[in-house]
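Colleague: Hi, could you pull up the model so we can go through it together? I'm new to this one.
Modeller: Sure, here it comes.
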Amino acid sequence: MAEPILDCLVVGGGPAGLTAAIYLARYRRHFLVMDSGASRAAWIPKSHNYPGFPDGIPGTELLGRIRAQAERYGAAIRAACPVRSLRRTPAATFAAETEEGPFEARTLLLATGVIDLEPELPDLYDAVQRGLIRHCPVCDAWEVIDEAIGVIGHDDHAAREALFLRDYSADITLLSLGRPFAMEAGQRRALAEAGVALVETAVAEVATEGARIARLNMADGAVLAFDTLYSALGCAPRNDLARQLGAAMTAEGLLTTDAHQRTLIDGCYAAGDIVDGLNQIVVAMAQAARAASAIHQRLRAERVERPARTARPQRS
C-alpha cells in the first residue's frame with residue numbers, strides 16, 4: 001500500500017528543519033523531517049549568542065533540545081536518512097527517494113544548510129571543539145578579544161573577515177597557506193591601514209600546547225604563534241537537491257526566497273544557511289517559523305484536511 005501524501009517534507013535536521021518541525025507539528029500537519037545527521041550546528045563547541053543561555057550551549061545539546069521539543073508534539077524525524085533525489089510529479093507534488101523508500105509531499109521545505117570549507121590541518125574536529133579553530137566571528141569574536149588571531153584565507157572574503165576581527169584585536173594575521181593572495185587593491189590598502197599582517201608562506205607543521213595553538217611552523221622556517229585561528233575559506237551550499245528541481249540561486253549557490261521563504265518553485269520553501277543571508281542560528285529558526293506558517297496557511301487555503309485529532313501533550 002502506497003504511503004499517504006505528506007503535507008510537507010522537511011529536508012534537513014539542523015536548527016531550521018527542527019524548528020519547522022515544532023511549528024508544523026503544532027499546526028497538526030502530516031509531515032516528515034529527513035535528517036542526514038550532518039548538521040553544521042553539531043560542530044559548535046558552545047554558542048554564546050543564542051538567547052536564553054547566558055553561559056552558552058553546545059551545538060549538539062541545542063539540537064537535542066529542539067528535536068525533543070518537536071517530538072513532544074508528535075513530529076516524525078528520520079535520523080541518518082538523507083534524501084537521494086527530488087523531482088516534481090505531474091500532479092505538482094514533490095517526490096523524494098530515500099533509503100527508507102519513496103515519499104510524496106504537497107509542499108517541500110529545504111533546510112539543507114552549507115558545509116564549511118576547512119583548512120588542511122590535523123585533528124580538525126578536536127581543534128574546533130577546543131576553540132583553536134573557529135569559523136564565525138559574528139558568533140564568537142567576543143571570546144577572542146585582544147588575542148593573537150590568525151585568519152586563514154586568500155581572497156576578498158578572507159580580507160573582510162580579518163578587518164571584521166580587527167574590531168576585537170590589534171593582533172591579526174591573514175594566512176594564505178601558500179596560495180597567492182587574490183584580492184582587490186583597495187582591500188590590500190585597508191588591511192595595511194588596519195595593521196593586518198599578510199603571510200603567503202605555506203604551513204609545514206602545526207604544533208599545539210594545551211588550549212593554545214602554540215606554533216605554526218612555516219615552510220620558510222619561520223614560527224608563528226596564535227591563540228586561535230579563523231577559517232575564512234567560505235562555505236559550500238548543500239544545494240544538489242535544489243538544483244535537481246531547478247531552483248533559482250545566487251552566484252554563490254544559495255537559494256533566493258521571498259518574504260514568506262518561498263522559492264520560485266511553487267510549493268517549495270527554504271530556510272536556514274542554504275538561503276542567501278546571515279548564517280546565524282536565530283535567523284535560521286526565524287526563517288523556519290515563517291516558512292512553516294506559510295506552508296500551513298497555503299494548505300488551509302487549499303482545504304487540505306489535517307489528520308484526526310491526537311492527544312495533547314501533558315502540560316508541565
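Colleague: Is Arg 67 buried, exposed or partly exposed?
Modeller: Arg 67 counts as partly exposed, at 23% relative accessibility. Buried means under 20% relative accessible area and exposed over 50%, with partly exposed in between (1.4 Å probe, protein chains only). This is a predicted model: local features need pLDDT of at least 70, side-chain atom pairs count only at pLDDT 80 or more, and totals for chains, interfaces and linings use all residues. Residues are numbered from 1 along each chain as its sequence is written, and side-chain values use heavy atoms, leaving out hydrogens and water.
Colleague: Thanks! Which residue forms a salt bridge with Arg 67 at 3.9 Å?
Modeller: That's Asp 35, with 3.9 Å between the closest N and O atoms. The pair links distant parts of the chain, 32 residues apart: Arg 67 sits in helix H2 (residues 59-72), Asp 35 in the loop between strand E2 (31-34) and H2. Asp 35 is buried, with a relative accessible area of 11%. A salt bridge here is a side-chain nitrogen of Lys or Arg within 4 Å of a carboxyl oxygen of Asp or Glu. Helices (H or I, at least four residues) and strands (E, at least two) are DSSP runs, numbered from the N terminus.
Colleague: And where do Arg 67 and Glu 71 lie?
Modeller: Both are in helix H2, four residues apart, about one turn of the helix. Their side chains meet in a salt bridge too, at 3.1 Å from N to O. Glu 71 is partly exposed, at 39% relative accessibility.
Colleague: How many salt bridges does the structure hold?
Modeller: There are 12. Another one joins the side chains of Asp 266 and Arg 298, 3.0 Å from N to O.
Colleague: New topic: how many disulfides does the structure hold?
Modeller: Zero, counting a disulfide as a pair of cysteine sulfur atoms within 2.5 Å.
Colleague: Why is there no bond for Cys 81?
Modeller: Because the closest cysteine sulfur, in Cys 8, is 15 Å from the sulfur of Cys 81, too far for a bond. Cys 81 is buried, at 2% relative accessible area, whereas Cys 139 is partly exposed at 27%.
Colleague: Last one: which residues of helix H5 are buried?
Modeller: In H5 (residues 156-165), they are Asp 156, Ala 158, Ala 159, Glu 161, Ala 162 and Leu 165. At the N-terminal end of H5, Asp 155 acts as a cap, with a side-chain oxygen 3.3 Å from the backbone nitrogen of His 157.

How values were computed:
A polar contact is a pair of N or O atoms within 3.5 Å; within protein, one must be able to donate a hydrogen and the other to accept it, and residues adjacent in sequence count only if both atoms are side-chain atoms.
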